[in-house]
Amino acid sequence: MMDQLYELGVVSNGEGAQERQILMTEEQWEIMWESKKFKKPSVPTENIDEEIKMERYAEKDKKAAIIYTSTHHGNTKKLIDAIVAKHEVTLIDATKETKADLNEFDIIGIASGIYFGNFHKSIISFVEDNLPDEKKVFLMSTYGNATGEKEIRSVLKAKKAEIAGSYGCKGYDTFGPFKLVGGIAKGHPTEEELQGTVNFFEGLLT
């Protein structure tokens with residue numbers, strides 16, 4: 001009968017861990033264990049792949065919420081919808097809700113169109129009133145001309161929040177004088193920009 005094979009998932013090369021596949025018999029594992037070079041895994045090869053998958057899934061299984069305001073052409077909501085189509089995320093519309101318990105979330109998104117160079121006032125107020133201190137957050141925005149995060153970043157600094165990243169892209173804008181020329185940033189956000197949003201979010205989960 002063939003010896004049961006065991007797999008070693010990570011080996012140190014002296015310069016940091018590198019992932020590679022090594023198969024050994026029970027006897028070989030005992031020799032390596034006695035030499036204190038490696039630790040034998042607790043499960044045989046046929047089960048270890050699934051165990052590694054579950055460990056990696058658990059690392060990414062972070063509970064996320066996105067607080068948002070999208071009142072003009074729904075540009076910011078399009079970014080959020082692209083994320084929600086692939087991931088389970090709790091959404092909070094700051095124009096409709098004024099209170100929420102955010103303690104249960106591992107990471108919180110704050111998303112808004114840019115109005116007069118800043119995030120919407122409803123977002124600013126909601127974050128000031130509801131965001132617990134020292135939370136991990138990320139920012140998302142859409143804009144016709146240029147982004148603006150100064151005010152929201154000031155609020156987050158006061159909350160001692162960890163800003164994990166920021167994603168912004170253009171969005172169709174017909175506000176004020178832009179309406180006279182038929183709007184600016186037509187066709188935005190594009191499919192590429194929507195995918196960029198998803199890639200950005202997924203990068204925060206690793």
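Lys 77 is partly exposed in this predicted model, where its relative accessible area comes to 25%, and its side chain forms a salt bridge with that of Asp 81 at 2.7 Å, N to O. Asp 81 is likewise classed as partly exposed, with a relative accessibility of 37%. Both Lys 77 and Asp 81 belong to helix α3 (residues 75-84), where they are four residues apart, or about one turn of the helix.

The search of the whole structure finds four salt bridges, including the three tabulated here with their N to O distances.

| Basic residue | Acidic residue | N to O distance |
|---|---|---|
| Lys 77 | Asp 81 | 2.7 Å |
| Lys 121 | Glu 151 | 3.3 Å |
| Arg 153 | Glu 149 | 2.8 Å |

The salt bridge between Lys 121 and Glu 151 links distant parts of the chain, since Lys 121 lies in helix α4 (residues 121-130) and Glu 151 in helix α5, 30 residues apart. Lys 121 counts as exposed because its relative accessibility of 55% is over the 50% cut-off, whereas Glu 151, at 25%, is partly exposed. In the salt bridge of Arg 153 with Glu 149, Arg 153 is partly exposed at 35% relative accessible area, while Glu 149 counts as buried because its 14% falls under the 20% limit.

Turning to the strands, β7 (residues 136-143) and β8 (residues 162-170) run parallel and are joined by eight bridges. Between these two strands the chain passes through helix α5 (residues 150-158), and the resulting β-α-β crossover is right-handed. Within this pairing, Val 137 has Ile 163 of β8 as its bridge partner.

Conventions: Residues numbered from 1 in each chain as written. Predicted model: local features only at pLDDT ≥ 70, side-chain atom pairs only at ≥ 80, totals over all residues. Heavy atoms only, no water. Pairing = 2+ DSSP bridges. Right-handed = clockwise from strand over helix to strand, strands pointing away. Buried < 20%, exposed > 50% of the residue type's maximum accessible area, 1.4 Å probe, protein only.
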